[in-house]
Every structure is written in structure tokens, then in C-alpha cells.
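Trainee: I have a new protein open in front of me and I would love to learn how to read it. Could we go through it together?

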Amino acid sequence: MNVFADSIRQRLGWCEEQARKYAVAADASEGMIARSDGWRHHYVSDPYLIGAPDDRVAQRFQHVFMNAMELTERGQIAPLPIGEPGEFMVKYTHLLEEYEGRSGIPDQVIEAARNPMLAYLENGDPIAKRIFKGYATPKAPYTVKYGRREFLEPTFRSGRIRICPASYYNDTSHNAAVRDDELHRTFFVPTYKERLKGIRHIDFQGHRIDFGDDDIVIPILAPDYFLFSLCDKIYYRMPTDFGSDAAIIIRNPGLFAQRLISAFLARWSDWEPEYGPVTYYDPYRDYTKMRVHEMSKHFGYAYQREVRIVLRARNSRPSSLQPEFLDIGPMTDYADFVST
């Protein structure tokens, strides 16, 4: 449901009043205010979500809540420390202020945000506690591949790897943690100031962009490419998310990436590889953060701390990519296999 100018004007008046209160408090304390009050003041001074539809704000709340929490090795749900990458506590505080101006957070929004976290404990201890019980985590950098034992163990023993096109992951048969549209990225540009002036479109580079009673929606599409995903460490929520009962811990991630890329390029030499950590962007704040489409994802997935290997075609590509199998040799010399 879109937000109309009268609602924006009412909410903006509340934000301006709050901003004045925080400014007075900051002056009175010579700038020594609580960190959370500083975050609140920042938001009401620039309420970038004020004109966003309710369903988009609710989805953002769910994404932020999911990423502001962690599952510890003891199987306990706990908030991330302040200062963690992504600054989700800042985003969470901004949302609290936004919902203050919307008469509070609806109960169904809170329930939808909490349910994924409760799933980790619905069968007692999370399955990760059994998978990694007694395992000595490597001290040097490593990566982790989660999956089902029936598939991962043969992969570990033989080195036969399945690599899938990015389009494969946008399938309703996958669970929520796996399913993602890896080809499309979407950004939003706030328009509440324009809408208060009665403006419903902008002209950009000779094109008219109509936004009506919404923010500007900017979709970006990439051609299909091949993708192999890993995590940068052991995280106790991942096995539950991915429906996994096993994991491969790769103690020499550079060697693994080199072998997979070499095996792929031996078959398709005109493809370009890329390897490294994923950059997670905020669609309302990080307009310049997504420098490489294939290596970027919406911040809703940031808790996965993904490292990925990407292969994209330099020139022409088949009209439809299909999963492929690569042989990289046994992994037993530089990786460990663990399972329930």
C-alpha cells in the first residue's frame, strides 16, 4: 500500500519535532548523548523510509531482525555485538523510529521476524551442535560448504563438484535461505520531498520515470553466470537454514578455488572467474556499494557471510545454462568432512 502526501506530511512533522528534541539534548550535554539516541537523531533528520509502502518496511524489519541476531555455539539466540559489519543495530534503531511515526510495529510484523529464529530451536538443540561436536576449528582462514551427507561425502572423497547457474537458485523448490534471485538487484530512492511538492515523476537522461505515490524503484539485471557458494566460517545457524546434516571445512580455500576455477576453464576457456567475499548492500542506502553485480547481494542475506566463486562469459553464452559437474580431485588432503 503506497503512502500518500498527507500521511508523509503528518509523519514528517513528528520527525522534525523529534529531531529538535534530540538536538536540544545534544546541546545540553555538549554532544555526549547515548549512542542509540544519536542513531535516532540521525534517522529523524533524514527519514529515508517515510514514504515507503508498509509491506516494504515490514520486509526490511524482518531482514534487519534476522541479521541483528546470531546463534551461538551453545545454541542460544543472541544479538550481534555493536559494530559488526552492516551495522544492523543502527538499521534496527532507524526502523523503530520509523514505526513510531506509523503508530507502532504491527504484531504480525514482529511475529514474521521472530519465526525464522525460533526454527533453530524447534527440535531442541540446533543440528549444528551435533555436526561440529568435538571438531577443532582451524586457526588459519578457511571456508565451509554445507549440505546433505549423501551428496557432500562423495564430493569430499572424489572431488566431483556440481556448479550451478545463478538462475538455478530462483526456484520455489528451494528453502528460503537458498532461494534468491541472483540475476536481479533492486534499489530504492526516497521521493517524499518531491511528493510533498506534488511531483510524481522525474526526467533522467532523457527518460521520464514515474513514481506516483512510491519511492523510485531501480531494477538491475545481469546475464546468467555460474556460481559456487561457501561460508567464510562455521556459523551454527547455517545447517538449519540449508537443511544440512554435514559440512566440508576447507582448510586451504585458495587451493580449492584454484582447482575449481582451473577445472571450469579447462572446459570453457573464454569465461572470466572471480573469487572472494560477497558485498552486502542496503537497497535504500548503498547506491555505490554494488561494484560487481555477481559478487553483491541484498543485506538480508548478510548473516550468511558468503564467499563465492563466479564464472561469467566474456563473450557469447548459451541461451540457457544448466548445472555442470567438475572433477577437481579428492579434497582429503586440504579439507575435513563432518556430519551428524
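Trainee: What percentage of the 340 residues of the protein chain count as buried?
Mentor: Good place to begin, and keep in mind that this is a predicted model. A residue counts as buried when its relative accessible area is under 20%. Among the 340 residues of the protein chain, the share that meets this mark is 45%.

Trainee: How many helices and strands does the protein chain have?
Mentor: Try following the ribbon from one end to the other. Along its principal axes, the C-alpha trace spans about 65 × 50 × 35 Å. Within the protein chain there are ten helices and 16 strands.

Trainee: Among contacts between residues at least 6 apart in sequence, what percentage join residues at least 24 apart?
Mentor: Here we look at pairs that touch and ask about their separation in sequence. We set aside pairs fewer than 6 places apart and look for those at least 24 apart. In the protein chain, that share of the contacts is 80%.

Trainee: How far apart do the centres of the positive and negative side chains lie?
Mentor: Let's turn to the surface and the charges. The accessible surface of the protein chain comes to about 17,400 Å², and 50% of it belongs to carbon and sulfur atoms. As for charges, there are 43 positive and 47 negative side chains, and the centres of these two sets are separated by 4 Å.

Trainee: Are helix 1 and helix 4 parallel or oblique to each other?
Mentor: Find helix 1, residues 5-28, and helix 4, residues 88-100; their axes come within 10 Å and cross at roughly 125°. An angle between 115 and 145 degrees falls outside the parallel, antiparallel and perpendicular ranges. The relation of helix 1 to helix 4 is therefore oblique.

Trainee: Which residues of helix 1 and helix 4 make the contact?
Mentor: Show the side chains of both helices. From helix 4 come Glu97, Glu98 and Glu100. Their partners in helix 1 are Arg11, Trp14, Gln18 and Tyr22.

Trainee: Is Glu97 buried or exposed?
Mentor: Glu97 is found in helix 4. Leaving out residues up to four places away in sequence, Glu97 touches Trp14, Gln18, Tyr22, Arg40, Tyr43 and Val44. Its relative accessibility is 3%, so Glu97 counts as buried.

Trainee: Does Val24 count as buried or exposed, given its 56% relative accessibility?
Mentor: Val24 lies in helix 1. Its C-alpha atom is 40 Å from that of Ile209, which is 185 residues away along the chain. The cut-off for this class is over 50%, and because Val24 has 56% relative accessibility, Val24 counts as exposed.

Trainee: What separates the C-alpha atoms of Ile248 and Glu153, in Å?
Mentor: Ile248 is found in strand 10, residues 246-250, and at 1% relative accessibility Ile248 counts as buried. Beyond its neighbours within four places in sequence, Ile248 has contacts that include Val144, Leu152, Phe156 and Phe337. Glu153 is 95 residues from Ile248 along the chain, yet their C-alpha atoms are separated by 8.3 Å.

Trainee: Which residues is Val57 in contact with, leaving aside its neighbours within four places in sequence?
Mentor: Val57 lies in helix 3, residues 54-68, and its 1% relative accessibility makes it count as buried. The C-alpha atoms of Val57 and Pro106 are separated by 11 Å. The contacts of Val57 are Leu49, Ala52, Leu95, Glu98, Tyr99 and Arg102.

Trainee: What is the phi of Ser103?
Mentor: Most residues other than glycine have a negative phi. Ser103 lies in the loop between helix 4 and helix 5 and is exposed, with a relative accessible area of 76%. Ser103 is not a glycine, although its phi is positive, at about 70°.

Trainee: And is Arg305 buried or exposed?
Mentor: Look in the loop between strand 13 and strand 14. Arg305 also has a positive phi, near 45°. With a relative accessible area of 18%, Arg305 is buried.

Trainee: Which residues does Asp213 touch, not counting residues up to four places away in sequence?
Mentor: Asp213 lies in the loop between strand 7 and strand 8. Its relative accessible area is 19%, so Asp213 is buried. The residues that Asp213 touches are Asn2, Val3, Phe4, Gly51, Arg195 and Arg200.

Notes. Residues numbered from 1 in each chain as written. Heavy atoms only, no water. Helix = DSSP H or I, 4+ residues; strand = E, 2+ residues; numbered from the N terminus. Buried < 20%, exposed > 50% of the residue type's maximum accessible area, 1.4 Å probe, protein only. Contact = heavy atoms within 4.5 Å. Areas by Shrake-Rupley, 256 points an atom, 1.4 Å probe, with all protein chains shown as cover. Lys, Arg positive; Asp, Glu negative; His and termini not counted. Charge placed at Lys NZ, Arg CZ, Asp CG, Glu CD. Axes fitted to C-alpha atoms, helices over the stretch in contact; angles between N-to-C directions. Parallel < 35°, antiparallel > 145°, perpendicular 65-115°, else oblique.
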